[in-house]
Amino acid sequence: MVLSVPTRLIKSLSRQSSPAIPTITLQDVISNNKGVAKVVLKKGKTQLFKDGSPMVYSGAVDRIIGRPPPKTGDVVLVADGSEKPIGWGLYNSVSMFCVRLMQLENEAARDPYCALNMEKLLETRINVATELRKNLGLPSVETNAYRLVNSEGDRLSGLIVDIFGDIAVVASSAAWVEKYKSDIESCVNRIPEINHINWRSSVELLKEEGLDLSSLEETQSPPSKQLVQVMENGIKYVVSLEGQKTGFYADQRENRHYISNISNGKTVLDICCYSGGFSLNAIQGGALNVIGVDTSLPALELAKENVLLNNLDPHRLSFLRQDATEFMKEALSRNELWDLVILDPPKLAPRRKALQNARGMYRNLNYLAMQVTKRGGFLMTCSCSGAMTQSGIFLPTLQAAASMAGRKITVVRQGGAACDHPIDPSYPEGAYLSNVLLRVL
């Protein structure tokens with residue numbers, strides 16, 4: 001449904017000498033668009049969302065005004081307890097987040113063309129996201145793998161778009177994204193370097209959104225390409241479009257590049273190496289020898305292909321298929337230690353309720369990683385579990401691991417996701433990646 005803004009209001013806005021003075025409100029807009037429901041918040045719950053938090057949870061809602069009631073994907077107004085609109089968003093009748101806010105009242109005053117119009121808002125937000133990446137130097141001669149749209153960080157909650165050369169991979173985790181699929185594809189297709197779009201729906205997350213999975217499976221189409229070659233910081237990679245997440249972890253780009261700066265003359269162990277990103281950077285940085293370990297055979301096959309693609313010496317870089325814990329225990333039994341160890345395990349705490357159990361797993365993995373690190377050496381350790389990062393317990397967990405290992409650690413560097421993964425401070429849940437470089441004594 002396309003909702004319109006009254007022409008007289010647009011003209012009134014354009015005649016104003018001072019754009020800082022709003023001349024249009026969402027209430028004005030809605031007067032020309034009958035049938036838009038209003039989600040009224042409970043008293044005391046408004047400020048969080050006026051400050052920008054995009055996810056209106058059902059417990060914050062007092063009542064819904066509108067007949068018939070809104071359906072999933074419908075545009076709705078969000079109002080305070082006095083029924084004064086504070087913004088608008090997209091409704092979901094099933095999810096614990098009943099509205100994803102898209103535009104606040106003051107934003108609608110500045111940009112009435114997008115008010116209550118999801119198609120125009122998508123075009124505007126994707127254009128803004130594209131311009132931000134250009135200002136960050138992406139893409140470039142040395143890097144053509146990056147994130148174009150980062151969900152809440154780009155004000156499009158539930159939508160992720162990663163770019164791999166001339167291919168855009170769209171990751172959908174919200175019902176509204178599926179509803180506006182053709183509009184999203186149209187916006188992405190207008191980016192000059194994009195020739196193909198691979199749409200990846202997050203089935204489990206969409207199930208929580210109440211999406212009919214049987215109809216979803218019928219519309220799913222295989223990617224136009226299974227493998228694509230990309231470049232990151234001058235290093236070539238083969239990316240599997242059927243691999244984990246969107247196919248490549250662009251969030252670690254800056255952390256991988258940092259490894260190349262501290263690897264010269266060192267022996268390096270890369271635990272949970274996936275397709276060898278950290279390993280390749282270590283070799284490029286002058287490491288004497290690198291061993292990558294992972295349990296995924298397809299990932300290791302990609303890693304080996306990446307070695308050949310970059311004309312690297314296979315005698316200095318090897319990949320092994322083995323469980324991380326087993327490998328490190330066996331290395332300790334041989335008293336085998338490394339100058340630099342990288343530990344980048346998969347998400348161990350997918351939800352907050354799994355945090356306590358995950359904390360024990362992170363502690364045990366880092367306990368072993370510290371033991372296989374030479375005294376005075378470096379350990380770069382990571383967590384991609386949002387619950388761990390947001391709880392602030394990752395560093396205390398590392399300290400607990402150090403105590404178990406009888407080692408003293410010093411934090412040398414703390415990093416997160418790369419700059420093309422912006423975070424909205426009003427939605428701190430968007431911060432998920434922790435990357436900590438430790439000196440281990």
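Begin by selecting E83, which is partly exposed, with a relative accessible area of 31%. The model on your screen is a predicted one, and the backbone at this residue deserves a careful look, since E83 has a positive phi of about 70° although it is not a glycine. To place E83 in the fold, follow the loop between β4 and β5 (85-91), where the residue is found.

Now move the selection to L116, whose phi is near 60°, again a positive value in a residue other than glycine. Most residues other than glycine have a negative phi, and most peptide bonds are trans. L116 is found in the loop between α4 (105-110) and α5. Is L116 buried or exposed? With a relative accessibility of 0%, L116 counts as buried, whereas E83 is partly exposed.

Next, turn to the peptide bonds, and display the backbone from R67 to P68, where the bond is cis and omega is near -5°. P68 lies in the loop that runs between β3 (61-65) and β4 (75-79). A second stop of this kind is the bond from L138 to P139, which is cis with omega near -5°. P139 has its place in the loop between α5 (118-135) and β7 (145-150).

From there, select F49, which sits in helix α3 (residues 46-50) and is buried, having a relative accessible area of 0%. Which residues does F49 touch, once those up to four places away in sequence are set aside? Show L41, M55, V56, Y57, A60, I86, L101 and L104 together with F49, and you have the answer. For I86, it is worth drawing a distance between C-alpha atoms: F49 and I86 are 37 residues apart along the chain, and their C-alpha atoms are separated by 8.2 Å.

The aromatic rings come next, and the structure holds 7 aromatic pairs. Select F327 and W338, whose ring centres are 6.0 Å apart and whose planes meet at 40°, so the pair is tilted. F327 belongs to helix α13 (residues 324-333) and W338 to strand β16 (residues 338-343), so this pair ties together parts that are 11 residues apart in sequence. Both F327 and W338 are buried. Then colour F164, Y237 and F248, which form one aromatic cluster.

Finally, zoom out to the whole chain and switch to a cartoon view, in which 16 helices and 19 strands make up the secondary structure of the protein chain. Its C-alpha atoms fill a box of roughly 75 × 50 × 45 Å, taken along the principal axes. Why does the radius of gyration agree with that of a compact globule? For 441 residues such a globule would have a radius of gyration near 22 Å, and the protein chain has 24 Å, which agrees.

Colouring by burial sets the earlier stops in context, as buried residues make up 53% of the 441 residues. Among contacts between residues at least 6 apart in sequence, 65% join residues at least 24 apart. If you then switch on a surface, the accessible surface of the protein chain comes to about 19500 Å², and 51% of this belongs to carbon and sulfur atoms. As a last selection, colour the charged side chains, of which 49 are positive and 45 negative, with the centres of the two sets lying 6 Å apart.

Note on methods: Residues are numbered from 1 along each chain as its sequence is written. This is a predicted model: local features need pLDDT of at least 70, side-chain atom pairs count only at pLDDT 80 or more; totals for chains, interfaces and linings use all residues. Side-chain values use heavy atoms; hydrogens and water are left out. Helices (H or I, at least four residues) and strands (E, at least two) are DSSP runs, numbered from the N terminus. The radius of gyration is taken over C-alpha atoms; the globule rule is 2.2 Å times the number of residues to the power 0.38. Buried means under 20% relative accessible area, exposed over 50%, partly exposed in between (1.4 Å probe, protein chains only). Contact means heavy atoms within 4.5 Å. Accessible areas come from the Shrake-Rupley method with a 1.4 Å probe; for residues, only the protein chains shown count as cover. Lys and Arg count as positive and Asp and Glu as negative; His and the chain ends are not counted. The place of a charge is taken as NZ of Lys, CZ of Arg, CG of Asp or CD of Glu. Rings of Phe, Tyr and Trp (its six-membered ring) pair if their centres lie within 6.5 Å; planes under 30 degrees apart count as stacked, over 60 as edge-to-face and the rest as tilted.
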